[in-house]
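User: I would like to go through the labels on this model one by one. Please give the cut-off behind each.

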Amino acid sequence: MDARKEIDVAECLRRGAIGALGAIPGTLAAHPIDLVKIRIQTGAGSIRAAMRGLGTRASDWPRYYRGLGPGVLQKAATRGPMFLASEVGTQCCETGLGLSRERALVVGSLSSGYVTGFLAASFEWAKVQRSLGATVGSVSARKRLAVCHGAGLRNAVFDATFFGTEHAARRFGNLPPEATYALGAVAAITLDFPLDVALKRNMAAPTTSPVPRVGATLLAFRLLRDRGFRVVFAGLGVKSCEFGVSYACTGYVSTFFR
């Protein structure tokens with residue numbers, strides 16, 4: 001058991017700074033891959049079709065940075081609080097529940113992930129809409145709540161998997177931060193991918209469209225049932241590349257905060 005008796009505020013702030021500052025170079029490096037992934041998830045179907053829709057000439061390159069501003073805001077707004085809240089939640093589980101560091105990481109990150117995902121959903125929604133060339137109009141409170149809940153649920157799965165895997169890879173694999181962060185991210189997105197596809201389809205729909213009658217989890221299972229694993233997981237390779245690059249940058253930034 002961890003003998004810590006109080007919250008280490010300095011460590012929480014350090015983790016928050018790593019997440020927020022590391023998200024900036026990571027997003028700049030991975031945004032074109034993210035845009036291709038969004039187009040695959042929302043109907044393009046393949047990398048070739050997604051890139052054909054954006055253009056493949058050198059003069060078309062600026063199109064791959066559509067939605068960059070909201071993307072940077074979303075990642076900074078998510079990862080800074082994500083890392084900080086995960087550390088706070090983890091330490092609370094260690095001190096309050098007496099859990100080991102490994103178990104506390106999973107339990108604490110589940111709850112903190114839901115909260116940060118819920119709060120940052122509006123930034124992500126704006127990024128998806130602008131990436132597809134649409135403008136975000138007025139949204140009903142019911143639809144906003146449904147989308148924010150879906151984002152919170154997806155982030156809860158992602159955060160618990162990411163921090164648990166990253167900790168295990170660092171402790172038992174003796175790997176550098178760039179590798180442990182990338183490995184944790186790839187493991188996390190593989191688990192939360194169906195939820196992310198369902199959420200992206202919700203976000204890509206016109207803001208005036210009806211609210212889905214089922215929750216995010218059931219919608220993800222219905223997508224798997226109706227479309228099959230091959231279709232639903234079509235963008236997994238692209239997203240693995242995007243998150244591997246992005247989180248490797250965050251891992252590198254973490255080396256400056258030791």
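User: Is Glu166 buried or exposed, and what makes it so?

Analyst: Glu166 is buried, because its relative accessible area is 2% and buried means under 20% (exposed is over 50%, partly exposed in between; 1.4 Å probe, protein chains only). A note on the source: this is a predicted model, where local features need pLDDT of at least 70, side-chain atom pairs count only at pLDDT 80 or more, and totals for chains, interfaces and linings use all residues. Residues are numbered from 1 along each chain as its sequence is written, and side-chain values use heavy atoms, with hydrogens and water left out.

User: Why is the contact of Arg170 with Glu166 called a salt bridge?

Analyst: The closest N and O atoms are 3.0 Å apart. A salt bridge needs a side-chain nitrogen of Lys or Arg within 4 Å of a carboxyl oxygen of Asp or Glu, so the pair qualifies. The two residues are four apart in helix H5, about one helical turn. Arg170 counts as partly exposed at 41%.

User: What makes Lys200 and Glu124 a link between parts of the chain?

Analyst: Their closest N and O atoms are 2.9 Å apart. Lys200 lies in helix H6 (residues 177-204) and Glu124 in helix H4 (residues 101-131), so the salt bridge ties together parts 76 residues apart in sequence. Helices here are DSSP runs (H or I, at least four residues), numbered from the N terminus. Lys200 is buried at 2%, and Glu124 is buried at 3%. Both belong to a salt-bridge network with Arg154, Asp196 and Lys239.

User: Why is the pair of Phe83 and Phe163 called edge-to-face?

Analyst: The centres are 5.2 Å apart and the planes differ by 75°. Rings of Phe, Tyr and Trp (its six-membered ring) pair if their centres lie within 6.5 Å; planes under 30 degrees apart are stacked, over 60 edge-to-face, the rest tilted, so this pair is edge-to-face. Phe83 sits in helix H3 (residues 68-97) and Phe163 in helix H5 (residues 141-172), so the pair ties together parts 80 residues apart in sequence.

User: And what makes Phe158 and Tyr247 a tilted pair?

Analyst: The angle between their planes is 45°, at 5.9 Å centre to centre. Both residues are buried.

User: How do you know that Arg79 lies over the face of Tyr247?

Analyst: Arg79 is 3.9 Å from the ring centre. The rule asks for NZ of Lys or CZ of Arg within 6 Å of the ring centre and within 35 degrees of the ring normal, so Arg79 counts as over the ring.
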